[in-house]
Amino acid sequence: MIIKKYQAETETEAILLAKNELGKDAIVMNIKTISPKGVYRLFRKPSVEITAAVDDTGILSGGKKEAENNPPNIKSSFFTNTSLESSLVDKNSAMKSSSFTEDASAIEKKLNSLQELLEKQLLERQSEKKEPEENKQKDPEEQKREACIQLVYDQLLRNEVDEKFVTQLVAEIENKITKDITIDNILSHVYQKIILKLGQPKTIEVQENKCKFIFFIGPTGVGKTTTIAKIASDLKLNRKLKVAMLTSDTYRIAAVDQLRTYANILGIPMKVIYTEEEMISAREELLDYDIVLVDTAGRSHKNRQQRDDVERLLGTVTEDEKEIYLVLSATTKYKDLIRITENYSEITNYRLIFTKLDETISVGNILNIRMLTNAELSYATCGQNVPDDIGKIDTQETAKKLLGGFE
């Protein structure tokens with residue numbers, strides 16, 4: 001396996017350099033922008049650096065010789081020793097990783113900023129329209145509390161939370177409101193309620209002396225294969241587990257080659273399966289492994305026959321030997337997500353993985369689908385970089401983003 005870096009003025013030029021040297025089978029593994037430092041930043045434009053990899057069996061003899069003389073250090077050149085226990089949901093920093101448990105002072109600071117935002121909006125509303133006659137008889141603090149609840153309601157709708165779930169949340173909060181409650185206490189109640197609704201995310205669980213088969217299902221184009229590569233790198237490099245990969249995704253062009261390249265980089269076995277019988281056979285061969293990651297073909301949720309194919313594949317492994325993850329894109333319309341989750345719920349139980357969080361400004365669908373399906377949340381991804389752009393969904397950050405708007 002050959003791994004090399006290339007720099008150019010644009011991403012396209014850098015990719016062409018990699019393709020010209022490594023061949024058409026090369027896969028781009030990482031992309032980053034390099035800004036000039038010091039006084040040079042005034043005269044030079046930022047450049048783009050990509051990391052590309054290819055199986056050395058596809059390189060001419062010259063390339064093979066170079067690879068033998070300079071064997072790539074897989075871990076240091078590309079895969080960082082970063083645990084997937086880190087969390088994601090901060091869009092402005094490309095969903096950067098953070099600890100799941102955030103200290104109380106940081107949370108308090110965020111809630112205080114939300115309180116200031118709400119108070120500012122309250123003043124704006126009061127100055128923009130004449131106060132209704134019935135409100136003149138109400139206590140000023142009561143009016144403030146009602147306005148606060150209304151603003152929270154509006155904020156959640158702006159972040160594309162389904163109105164029925166917003167109404168449910170607000171109703172539960174209103175039951176706890178007393179005459180002496182303050183705005184910051186109302187916000188704290190809302191914040192805590194959202195976190196409770198999101199639940200505790202669950203990631204892949206390893207059983208001692210027992211092989212676990214992890215199936216990834218979902219519609220086309222959501223990023224299942226790349227997500228599997230990210231998870232495989234963590235299990236292999238960070239958790240030091242014995243990992244293998246299977247794929248039944250023989251319908252998408254180059255899908256098998258893409259997964260095989262990742263498997264070669266990580267030094268783990270990968271096998272293609274076409275039928276349930278081959279899955280049963282592969283299961284027997286791989287029982288000595290800790291984890292077997294199974295990539296299924298992306299199928300349309302509208303096609304019953306295709307969903308039946310997935311169901312039969314899942315049925316080859318007993319319930320206690322498998323975990324199933326439904327991979328969804330955060331950019332998919334909520335109406336489509338409803339159809340997708342309902343159709344897959346007919347064939348199996350699953351946990352939820354959300355991809356492409358870096359391509360949307362709203363995380364409302366995370367709460368929507370969690371409340372709709374009651375399925376446990378799991379991983380979130382925020383880009384194509386393997387293995388960096390993935391982590392366990394941070395429910396605290398999600399709750400704060402839902403309350404904090406788009407700023």
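In this predicted model, pLDDT stays under 50 over residues 38–43, a segment for which the model has one contact beyond four places in sequence. Residues 58–104 also have pLDDT below 50, yet this stretch has 109 contacts beyond near neighbours in sequence in the model. Where pLDDT is low, the predicted coordinates should not be read in detail, and a little caution is welcome with the contacts of residues 58–104, where the pLDDT is below 50. For the protein, the mean pLDDT is 77, with 72% of the residues reaching 70 or more.

Strand β3, which spans residues 47–54, contains S47. This serine has a relative accessibility of 17% and, because the limit for burial is under 20%, S47 counts as buried. Who, then, are its partners? Setting aside neighbours within four places in sequence, S47 is in contact with Q7, A8 and E9, and also with K32, T33 and I34.

Attention turns next to strand β8. Five of the five residues in this strand, residues 291–295, are buried, so β8 is largely enclosed by the rest of the structure. In a regular strand the side chains alternate between the two faces of the sheet. In β8, I291, L293 and D295 point one way, while V292 and V294 point the other way, and all are buried. The set includes D295, which is buried along with the other residues of the strand.

Which strands pair with β8? One partner is β5 (residues 212–217), which runs parallel to β8 and is joined to it by five bridges. Within this pairing, F215 has V294 of β8 as its bridge partner. Strand β6 (residues 243–247) likewise pairs with β8 in the parallel sense, over five bridges, and here A244 stands opposite V292.

Two of the residues named in these pairings return in the nonpolar interior. The largest nonpolar core has 62 residues, and F215 and V292 are among those with the most contacts inside it, together with L156, I194, M279, L352 and F354. Helix α7 (residues 183–198) gives the most to this core, contributing eight residues. A second, separate core comprises 26 residues, among them A263, V272, Y325 and I353.

L352, one of the residues with the most contacts inside the largest core, also has a list of partners from elsewhere in the sequence. Beyond neighbours within four places, L352 is in contact with L326 and L328, with I369, R370 and T373, and with A375, E376, L377, S378 and Y379.

Further along the chain, V363 lies in the loop that connects β10 (351–355) and α13 (364–373). Is this loop residue buried or exposed? V363 is buried, its relative accessible area being 4%. The C-alpha atoms of V363 and A330 are separated by 7.3 Å, although the two residues are 33 residues apart along the chain.

Finally, the packing can be examined for gaps. Rolling a probe the size of a water molecule over the atoms shows where empty space is left. The structure holds two cavities of 30 Å³ or more, and the second largest cavity has a volume of about 40 Å³. Which residues line the second largest cavity? Its lining consists of V152, L156, L169, V170, I173 and V190. Helices α5 (140–158) and α6 (163–174) are the elements that give two or more residues to this lining, and α6 gives the most, with three residues. L156 thus appears both in the lining of this cavity and among the residues with the most contacts inside the largest nonpolar core.

Terms used
Residues numbered from 1 in each chain as written. Predicted model: local features only at pLDDT ≥ 70, side-chain atom pairs only at ≥ 80, totals over all residues. Heavy atoms only, no water. Buried < 20%, exposed > 50% of the residue type's maximum accessible area, 1.4 Å probe, protein only. Helix = DSSP H or I, 4+ residues; strand = E, 2+ residues; numbered from the N terminus. Pairing = 2+ DSSP bridges. Contact = heavy atoms within 4.5 Å. Core = buried A, V, L, I, M, F, W, Y, C linked by side-chain atoms within 4.5 Å. pLDDT = per-residue confidence, 0-100. 1 Å grid on protein atoms, 1.4 Å probe; cavity = no way out; pocket = protein on both sides within 12 Å on 5 of 7 lines; lining within 4 Å. Points joined across faces, edges and corners; volume = space filled by probe spheres on them.
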